[in-house]
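Grab your viewer and work through the exercises below. Each one sets a task and then walks through a solution.

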Amino acid sequence: MSISSLFDKLDEIVSIDILKEGNKEEFFVGNPFYIDYETIKLLTCDFWKCNVKGIPKGCFLLAFYKGEAEKENKEALLLRVINPTKLPMDNDIITTMIAYYKEDKDITGREGSKKESKLDPYTRYELSFSGIECRILGVFYKDKKGKVRFGADIENYYSPNNYKVYKANSEILKFIVNQGMKEFIYNESESGIFKIGNVRYSSTQRFQQEESKVPAYISSKDFLGTRTALFGMTRTGKSNTVKMIIKAVKEISEKAINKYLPNAPIDLSKDDAKSFNNEGKPKYKVG
């Protein structure tokens, strides 16, 4: 992909209005019943989970405020699924399920003693609900100029019953995983941007075909002068990822203005201390 087409693609991705497109009813997954500055716990059910093609661990969700305190959606909490969580009625549900299992099983061994047992519709309905615990990663909001920005914490939260939670579809997911590229897309001299791969929530790809087509881009500038750790299960591409990062760093290093560091100490108060010039090229080759 050429530099111009790459930037056109990124420009298209980050131009999505996440606060408008992220709360469509077909992607609704549940309502919160607990919220604090770091965690949201929400009520979901089998139908909602099936309707959005599953909610894998690590999945991105968006919580929108639907109360009367704010007239329009000015922000969306970015959530990441951690684990299932208990509901207040879980003990009663477990008791009901155990009683149903015992009633449905014949342990006498006598012929004709097995009897058919079916759950009534109300009980089936109650058993379909479950809880999900999510970490609050931050908030997407609009500034005074109407631009969507991301903050890594929240400055306020409302009563949990006023929120609705939605799964990020493929278009919204593209925006979430690539929103850090905004600062680069209008500078075509920045050749350190490259596609690192596609989003993959889980090894099992029965439901997540659309998410697995979502590309993720990064900038090699993010790796220069920093420490980076790479984690993943066996056979998920860790070695190949390292090769791609090294290749990208090498490419941007070859565009360096100077091949060697200066002999004299660098004055940190001047522009010489900056690692990159205004065109995004590194001032010195990468060691």
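**Exercise 1: Strand β3 and its partners**

Leu 62 of β3 has Tyr 166 in β7 as its bridge partner. Before going further, a word on the ground rules: this is a predicted model, where local features need pLDDT of at least 70, side-chain atom pairs count only at pLDDT 80 or more, and totals for chains, interfaces and linings use all residues. Residues are numbered from 1 along each chain as its sequence is written, and side-chain values use heavy atoms, with hydrogens and water left out.

*Task.* Work out which strands pair with β3, and say how β3 is covered.

*Solution.*
- Step 1. Fix the terms. Helices (H or I, at least four residues) and strands (E, at least two) are DSSP runs, numbered from the N terminus; two strands pair if DSSP finds at least two bridges between them.
- Step 2. Take the β7 side. β3 and β7 (residues 163-167) run antiparallel and are joined by 5 bridges.
- Step 3. Take the β4 side. Strand β4 (residues 75-85) also pairs with β3 in the antiparallel sense, over 5 bridges, and here Ala 63 has Leu 77 as its bridge partner.
- Step 4. Check burial, where buried means under 20% relative accessible area, exposed over 50%, and partly exposed in between (1.4 Å probe, protein chains only). In β3 (residues 60-65), 6 of the 6 residues are buried.
- Step 5. Sort them by face. In a regular strand the side chains alternate between the two faces of the sheet. Phe 60, Leu 62 and Phe 64 sit on one side, Leu 61, Ala 63 and Tyr 65 on the other, and both faces are covered.

**Exercise 2: The nonpolar core**

*Task.* Which element gives the most residues to the largest nonpolar core?

*Solution.*
- Step 1. Define the core: a set of buried Ala, Val, Leu, Ile, Met, Phe, Trp, Tyr and Cys residues joined through side-chain atoms within 4.5 Å.
- Step 2. Find the best-connected members. The core has 40 residues, and Ile 18, Leu 61, Leu 62, Leu 77, Leu 79, Phe 140 and Ile 176 touch the most other members.
- Step 3. List contributors. Elements that each supply at least two residues include α2 (18-21), β1 (28-35), β5 (129-142) and α6. The top contributor is β3, with 6 residues.
- Step 4. Zoom in on Leu 77, counting contact as heavy atoms within 4.5 Å. Beyond neighbours within four places in sequence, its contacts include Ile 35, Ile 40, Leu 61, Val 139 and Tyr 163.

**Exercise 3: Strand β2 and the hairpin**

*Task.* Which strands pair with β2, and how many bridges does each pairing have?

*Solution.*
- Step 1. Start with β1. It pairs with β2 in the antiparallel sense over 4 bridges, with Asn 31 partnered by Leu 43.
- Step 2. Look at the connection. β1 and β2 form a hairpin with 3 residues between them, and Tyr 37 is in that loop.
- Step 3. Follow Tyr 37 outward. Its C-alpha is 8.3 Å from that of Glu 155, although the two are 118 residues apart in sequence. Not counting residues up to four places away, Tyr 37 touches Ile 136, Ile 154 and Tyr 157.
- Step 4. Add β5, which pairs with β2 in the antiparallel sense over 7 bridges; Thr 44 stands opposite Ser 130 there.
- Step 5. Check the surroundings. β2 is largely enclosed by the rest of the structure, because 5 of its 7 residues are buried.

**Exercise 4: An unusual phi**

*Task.* Where is Lys 53, and is it buried or partly exposed?

*Solution.*
- Step 1. Place Lys 53 in the loop between α3 (46-51) and β3.
- Step 2. Read the backbone. Most residues other than glycine have a negative phi. Lys 53 is not a glycine, yet its phi is positive, about 65°.
- Step 3. Read the exposure. Lys 53 is partly exposed, at 48% relative accessible area.

**Exercise 5: Helix α6**

*Task.* How many residues of α6 are buried, and which ones?

*Solution.*
- Step 1. Count them. Of the 9 residues of α6, 7 are buried, so the helix is largely enclosed by the rest of the structure.
- Step 2. Name them: Ser 170, Ile 172, Leu 173, Lys 174, Phe 175, Ile 176 and Asn 178.
- Step 3. Set this against the whole protein, where buried residues make up 37% of the 287 residues.
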